[in-house]
Amino acid sequence: MAIGWLTVLKMVPWGEVIDNAPKVANGAKKLWQSVGKKSAPAASGTAAPVHEALRTELPAVAALQNQVAELQVAVADLHQQMLVSSELIQSLANQNTQLIKRVEINRVRLLWLAAWVLGLSVALASQFF
């Protein structure tokens, strides 16, 4: 099972991931700022008396008004979902940035450890030979 993960991790272009992490985070911040500024569309309740008068005259107009009201509710729901989604994207981008920073720190530590092991191996080999 670990071999499968290793092959997957080897296939990831880590250099590109590390280089693009700040771009992803900035894009998520811009998305959140643009979506967060927009206000949810409000259903208009001021035209209700006019609608009541039209309902008694034309049933087709009343059906259209019902459809418009349903669409306004659907648009408000979609706007709320968009806000939640953009907030999630921003959170994931921030987590990705933190993860990339930690991967980079671990990579540097691994290089230092490899250098130490190589140095100790050379020192140990020189004592026996």
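**Note on a predicted four-helix chain**

1. E104 and R107 are joined by a salt bridge, and their closest N and O atoms lie 2.6 Å apart. The model in which this pair appears is a predicted one. The structure holds 1 salt bridge, and the pair E104 and R107 forms it.

2. Where do E104 and R107 stand relative to each other in helix α4? They are 3 residues apart in that helix, so about one helical turn separates them. The student may wish to find both residues in the structure above before reading on.

3. The surroundings of the two charged partners can also be described. E104 has a relative accessibility of 26% and therefore counts as partly exposed. R107 also counts as partly exposed, because its relative accessibility is 40%. The class "partly exposed" covers values between the cut-offs of 20% and 50%.

4. Helix α4 spans residues 59-128, and T97 is found in it. Is T97 buried or exposed? T97 counts as buried, because its relative accessibility is 18% and the cut-off for a buried residue is under 20%. Leaving aside residues up to four places away in sequence, T97 touches A21 and A25.

5. L120 is another residue found in helix α4. Its relative accessibility is 54%, so L120 counts as exposed; the cut-off for this class is over 50%. Which residues form a nonpolar patch on the surface with L120? They are V108, W112 and W116. Together, the four residues V108, W112, W116 and L120 have about 500 Å² of accessible area.

6. The chain as a whole should be considered next. Its secondary structure consists of 4 helices and 0 strands. Along the sequence, these elements follow the pattern α-α-α-α.

7. How much of the chain counts as buried? The share is 9% of its 129 residues. T97 is one of the residues that count as buried, given its relative accessibility of 18%. The accessible surface of the chain amounts to about 10,600 Å². Carbon and sulfur atoms account for 68% of that surface.

8. A final point concerns contacts along the sequence. Among contacts in the chain with a separation of 6 or more, 89% are between residues 24 or more positions apart. For a particular case, the reader may return to T97, which touches A21 and A25.

Conventions. Residues numbered from 1 in each chain as written. Predicted model: local features only at pLDDT ≥ 70, side-chain atom pairs only at ≥ 80, totals over all residues. Heavy atoms only, no water. Helix = DSSP H or I, 4+ residues; strand = E, 2+ residues; numbered from the N terminus. Buried < 20%, exposed > 50% of the residue type's maximum accessible area, 1.4 Å probe, protein only. Contact = heavy atoms within 4.5 Å. Areas by Shrake-Rupley, 256 points an atom, 1.4 Å probe, with all protein chains shown as cover. Patch = residues over 30% accessible without salt bridge, like charges linked within 9 Å, V, L, I, M, F, W, Y side chains within 5 Å. Salt bridge = Lys/Arg side-chain N within 4 Å of Asp/Glu carboxyl O.
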